[in-house]
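User: I would like a close look at one part of this predicted model, namely the empty space enclosed inside the protein. Please take me through it step by step.

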Amino acid sequence: MCQPDTRYLSSPNFIATALHSFTFVEVPVMIYGAYCILFRTPNTMKSVKGLMLSLHIFSTMFDMVICVLGVPYILWPVPAGYFLGLVDAPALLVYCGATLLAAITANVLALYENRYYTLFGRKTRWAKLRKPLMSLVYLLVPLFMIPPVIAVPDQQYARALALAQIPCPPQFPYLNDHELFVISLDGSVFLGSIVVSSVLQTVLITLFFSLTFYNLIWGNARKFISARTMKIQKNFAIALTIQSNFMLTFMLAPVAAILLIIIMDYHDQTLNNFVFIVLSFHGVGATIVMILVHKPYREFTFYYLCNKGEKKWKTTGQFSTAPSLNVVF
């Protein structure tokens, strides 16, 4: 006999309340992060300022899609659910959310590629190949999710079929005037597009990460840059790695969880809700990590905003002391 899941953590009210509550934390944090990038980035980070800002903007947009515009209540392993946010356009929300994820990953890739090219790639073959190949990466970002959007099934037929695949489906055909939306009847096209995008970009990120650190630690970096510059670049590379790894973990871990849920054909609505809660945390979490690991932002936050060293900052633009955290730039 069907036993409906009546737990509050499994309810649409829980995920809607959680995601809306996150918005009140995310908005000021993301605005402050943008301010730091725009006005507290030193000249030594000038070459990556634009990339860091675009990464921050894409992350903010993704969080707003999840927490405000979309608010997904998805019924995995069935690729269907309700979108409880301000915008009642499920297909568009799915496309925007997945495309923004791909854009975030592409931007992380661009940051690592920029470090490699700036330090070691100017006189290599990559200098001639980078523009067409990186342009191709960016071109693919808005194209990855077109096949799933085109393949969206007839909703009246798909709803009945989708609900039949859940042992005990939720008892609300209409939720806050939003109808159940079926992304795909089997999920293969939708997940295939996400997997192809994630794997391609992750492989390229790993490649440029490895090349940069190899040259900085074991390669002939001293032939190209001074010892002081090499130390600065090592510190920045470490800080960037911490920031991007945090961001990618909070993106890829939920995607991996969704893949396992579908492969195992397992339905637990509480788990489904927490997958999207974790996913929505990546932007604000990555912003906090960015402020902590990059020295200019950290100094400004902990000294200037705490009214310590304010006079020193106003007169010289620098602080007399620095935090003891070793991962600095």
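User: Which element gives the largest share of the lining of the largest cavity, and how many residues come from that element?

Analyst: In this predicted model, the element in question is helix H3, which supplies 5 residues, the largest share of the lining of the largest cavity. To put that in context, a search of the whole structure finds 5 cavities of 30 Å³ or more, and the largest cavity has a volume of about 350 Å³. The lining of this largest cavity is made by 24 residues, among which Val94, Ala98, Phe190, Phe276 and Leu279 are the closest to its centre. Besides helix H3 (90-121), the elements that give two or more residues to the lining are helix H2 (46-70), strand E1 (72-74), helix H7 (188-217), helix H8 (227-264) and helix H9 (269-280).

The UniProt record, in an unreviewed entry, can be set beside this picture, since it places the feature "transmembrane region" at residues including 51-76, 92-112, 189-216, 236-262 and 274-293. Over residues 51-76 the chain is 77% helix and 12% strand, with the end C-alpha atoms 34 Å apart, whereas the span 189-216 is 100% helix and 0% strand, and its end C-alpha atoms lie 41 Å apart.

For the outside of the protein, a nonpolar surface patch of about 630 Å² is made by Leu129, Leu133, Leu136, Leu139, Leu143, Ile146 and Ile150. Helix H4 (126-140) and helix H5 (146-150) each give two or more residues to this patch, and H4 gives the most, with 4 residues. Isoleucine 150, which lies in helix H5, counts as exposed because its relative accessibility is 67%, where the cut-off for exposed is over 50%.

How values were computed: Residues numbered from 1 in each chain as written. Predicted model: local features only at pLDDT ≥ 70, side-chain atom pairs only at ≥ 80, totals over all residues. Heavy atoms only, no water. UniProt positions renumbered as here; feature names shortened; annotations may be inferred. Patch = residues over 30% accessible without salt bridge, like charges linked within 9 Å, V, L, I, M, F, W, Y side chains within 5 Å. Areas by Shrake-Rupley, 256 points an atom, 1.4 Å probe, with all protein chains shown as cover. Salt bridge = Lys/Arg side-chain N within 4 Å of Asp/Glu carboxyl O. Buried < 20%, exposed > 50% of the residue type's maximum accessible area, 1.4 Å probe, protein only. 1 Å grid on protein atoms, 1.4 Å probe; cavity = no way out; pocket = protein on both sides within 12 Å on 5 of 7 lines; lining within 4 Å. Points joined across faces, edges and corners; volume = space filled by probe spheres on them.
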